[in-house]
Amino acid sequence: MTSSKPKVLDRIDLTILDVLQKNGRISNSTLAQRVNLSASPCLERVKRLEHEGYIESYGAFLNASKLKYGMTAFIQVTLDRTTADIFNKFRSEVIEIKEVAECHMVAGGFDYLVKVCFEDMAAYRALLGAIVELSGVSQTHTYIVTEHVKRHSGVPIFD
C-alpha cells in the first residue's frame with residue numbers, strides 16, 4: 001500500500017533500506033543499533049517505509065540448483081503485432097509459466113525479455129515450446145547463461 005504523499009527520505013531512512021535489502025531477517029533491535037536509533041522509532045520508520053511502498057516485500061534467495069532449476073536463460077520475444085490486445089494476451093499467458101522468473105516489456109528491436117530457470121536442456125526445449133505457442137509470438141532468440149557474474153544486488157542506495 002502506498003500513501004499519496006510520502007515523506008522525504010533522510011539518511012537514516014536510506015540506511016534502513018540499505019541494511020534491510022542486504023538482510024531482511026535482521027532483528028529490529030540490531031537494525032536500530034546499526035542506524036543509531038532506539039528500537040521504537042526504528043520500527044516506526046520501517047513501518048512507514050513499508051506503508052509508503054519503499055519496501056515492497058521480504059524474502060529469501062534460494063539455491064536454484066538444489067531445487068532443479070540450476071540453468072538460466074534469457075529469451076528475446078518478438079510479437080507478430082504490437083497492439084494492446086496482443087500485449088495483454090501475452091502478458092496474461094506468460095505469467096502462468098512457472099519457469100518464467102522475470103518478464104520485461106522492452107523498447108528496441110524486440111518486444112519482451114524473458115528470464116527463465118530450468119533443470120536441463122530437455123526442460124529448456126519443453127519450455128521454449130510453451131513460449132513459442134503464446135499468443136502473438138513470432139520469433140524468439142535465446143541466450144543461455146554460462147556464469148552468473150552478479151545478481152541479487154538490490155537497488156543502489158549509497159555510493
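V106 comes out as partly exposed, its relative accessible area being 28%; here buried stands for under 20%, exposed for over 50% and partly exposed for anything in between, using a 1.4 Å probe and protein chains only. The model is a predicted one, so local features need pLDDT of at least 70 and side-chain atom pairs count only at pLDDT 80 or more, while totals for chains, interfaces and linings use all residues. Residues are numbered from 1 along each chain as its sequence is written, and side-chain values rely on heavy atoms, with hydrogens and water left out.

Back to V106, then. This residue sits in the loop between strand 2 (100–105) and strand 3 (112–118); helices (H or I, at least four residues) and strands (E, at least two) are DSSP runs numbered from the N terminus. Setting aside neighbours within four places in sequence, V106 is in contact with D111, Y112 and L113, where contact means heavy atoms within 4.5 Å. T83 lies 23 residues away from V106 along the chain, and the C-alpha atoms of the two are 14 Å apart.

The two strands flanking that loop belong to an open sheet of 4 strands, ordered 2-3-1-4 with antiparallel pairing; two strands count as paired if DSSP finds at least two bridges between them. At the edges are strand 2 and strand 4, each pairing on one side only. From one strand to the next, the twist averages 20°, with axes taken as lines fitted to C-alpha atoms (for helices, over the stretch in contact) and angles running from 0 to 180 degrees between N-to-C directions. Strand 2 and strand 3 run antiparallel and are joined by 5 bridges, and E102 stands opposite K115 of strand 3.

Helices pack on this sheet too. Helix 4 (residues 84–94) touches strand 1 (71–79), strand 2, strand 3 and strand 4, its direction making about 165° with that of strand 2. Helix 5 lies across strand 1, strand 3 and strand 4, at about 155° to strand 4.

Between helix 5 (121–132) and strand 4 (137–144) comes a loop that holds S135. Its side chain makes a polar contact with the side chain of E93 at 2.6 Å; such a contact is a pair of N or O atoms within 3.5 Å, and within protein one must be able to donate a hydrogen and the other to accept it, with residues adjacent in sequence counting only if both atoms are side-chain atoms. Beyond four places in sequence, S135 touches L79, I86, K89, F90 and E93.

As for cysteines, the structure holds 0 disulfides, a disulfide being a pair of cysteine sulfur atoms within 2.5 Å. C117 is in none, and the nearest cysteine sulfur, that of C103, is 13 Å away. C117 is buried at 17% relative accessible area, and C42 is buried at 0%.
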